[in-house]
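Q: Please take a close look at the salt bridges in this model, one pair at a time, and then at a helix from the same chain. I'd like to know where the partners sit and how accessible they are.

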Amino acid sequence: MSTIGIINYEIGNLRSVEKAFQASGTKTRWVRSPQDMTDLSGLVLPGVGAFGDCIKGLRAIGMWDAVKEWVAADKPFFGICVGYQMLFESSEETPGIEGLGIFKGRVVKFTDPKLKVPQIGWNTVAVKQKSPFLNEISDGTFFYFVHSYYPQGVDHSIAALETEYGVTFTAAVTKGNLVATQFHPEKSQKAGLQLVKNFVNLTQKS
Amino acid sequence: MLAKRVIPCLDVHAGQVTRGLQFGRAEASGLRNVGDPVELALRYNEQGADEMVFFDITASAEGRKSMVDVIERAADQCFMPLTVGGGLRTVDDIRTMLRAGADKVSLNSSALATPDLIRAGAEAFGSQCIVVSIDAKRTAPNHWTVFTHGGRKATDWEARDWAQKAVELGAGEIVLNSIDSDGMKGGYDNDINRAISELVSVPLVASGGAGKLEHFAEAVEIGHADAVLAASVFHFGTFTISQVKDYLSERGICVRR
């Protein structure tokens, strides 16, 4: 059985991420340094809390370059929440701190004064792409979001799911063997587990 | 569209879910055991609960350690948001719960005793996981006093002032629990819910008083709540979560189906 690595830089609730992947029929391993990456079939980058803290955390465990190289080689990768936001160039949340810059775009805050921020709860997606990552996911599927920021200026060619919250924003991107979501699949019950399973299936094929 | 959330709350005493009338005290005999928290959590998970709150009702009063084990077991089987409250006093307490599988922690008495805990928690883990839970009682017309210790001790805080202060310090969500309405099945206190919902920029969860299906809709329509929380109506099977969601949906309120 293949093993999926989950990058662990001591942030928030990672236990649920681990359990969601295990429930989808794969072994998992904590990745606390690049040495933990041998023989992985996929890599997961979770992220909770502030953008700057996550960037610092990722650098502190020496995974900054490792993530960039992994993605550049188009190996299976799953980014979640701030692990999604970090793929872009920068964030309004922590000005002056560079993101991974894998995709064009800047992470900005919801500004509509009528909105409750953070957006906390279940919101629907609109499907913008055909992708094996999105198997069984359709327009109107609910996922669980907890965030105050979203990426702006995302290239249409990678935008996979869109969500409305005052503005229409990109809730997930896919490119090659990469998928990344603003919402938490590990907290999105059946729909979330389906997305995780789609990813796991793909790693087992490749 | 962002759905209004329906949240069952599990009051846990010595590893069992219990429920009493009007802030029933764990040491008093007015509590009824209604089951194993993880079994109940799984049942609610199946019924489509949008998230779940586990509240240690003994921890604050008796300094009892919270229920890491319950959270771990629940988190391993329910892939949905979990909040833990009761007796969390330090950043380390919060970290322990997040590591066990909780997504949010709910601070109440400890935040009133040490408001800086809200700031420290939000800085360490993000505002999104710091919920401030407020036990409020109407003590004069248009005035709600914040209470601690299971509704036994009055504070100097007015509920709206405390809610606003908590959000300034970094709270990402407010739960307003009405002491007057709790366990009475006469409806949520929509006056205070609405006042706080309109005052603060973060989501408001209405708590205390659900007895009829209409009450859930009123909490959203009149109280402007972003989520509705209830305990006994779900525990005793008065309604299932799906019945509440069907009802809200018929009333034109967006819920996750």
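**Salt bridges and a helix in chain B**

A: Let's start with a pair that is out of the solvent: Arg160(B) and Glu158(B) are both buried. They also form a salt bridge with each other, and their closest N and O atoms are 3.0 Å apart. Keep in mind that this is a predicted model, and that over all chains it holds 26 salt bridges.

Next up is a pair that reaches a long way along the chain. The side chains of Arg5(B) and Glu173(B) meet in a salt bridge, at 2.8 Å from N to O. Arg5(B) belongs to strand E1 of chain B and Glu173(B) to strand E10 (residues 173-178), so this contact ties together parts that are 168 residues apart in sequence. How accessible are the two partners? Arg5(B) has a relative accessible area of 1%, which makes it buried. Glu173(B) counts as buried too, at 2% relative accessibility. The cut-off behind that label is under 20% relative accessible area. These two don't stand alone, either: a network of salt bridges links Arg5(B) and Glu173(B) with Glu51(B) and Lys104(B).

Then there's Lys4(B), which forms a salt bridge with Asp226(B), with 3.8 Å between the closest N and O atoms. Lys4(B) sits in the segment before E1 of chain B, while Asp226(B) is in the loop between H9 and strand E12 (227-230), so here the tie joins parts that are 222 residues apart in sequence. On accessibility, Lys4(B) comes out as partly exposed at 25%, whereas Asp226(B) is buried, with a relative accessible area of 14%.

Now for the helix. In H11 of chain B (residues 241-250), the buried residues are Ile241(B), Val244(B), Lys245(B), Tyr247(B) and Leu248(B). Why do they end up on the same side of H11(B)? Because they cover an arc of only 160 degrees around the axis. As for what covers these buried residues, strand E1 (5-13) of chain B is included, along with helices H1 (37-47), H9 (213-221) and H10 (232-235) of that chain.

E1 links the two halves of this tour: the strand contains Arg5(B), and it's also part of the cover over the buried residues of H11(B). One last backbone detail: just after H11(B), Gly252(B) takes a positive phi of about 85 degrees.

Conventions: Residues are numbered from 1 along each chain as its sequence is written. Chains are lettered from A and ligands numbered from 1 in the order in which they are written. This is a predicted model: local features need pLDDT of at least 70, side-chain atom pairs count only at pLDDT 80 or more; totals for chains, interfaces and linings use all residues. Side-chain values use heavy atoms; hydrogens and water are left out. Buried means under 20% relative accessible area, exposed over 50%, partly exposed in between (1.4 Å probe, protein chains only). Helices (H or I, at least four residues) and strands (E, at least two) are DSSP runs, numbered from the N terminus. The arc is that of the directions from the helix axis to the C-beta atoms. Contact means heavy atoms within 4.5 Å. A salt bridge is a side-chain nitrogen of Lys or Arg within 4 Å of a carboxyl oxygen of Asp or Glu.
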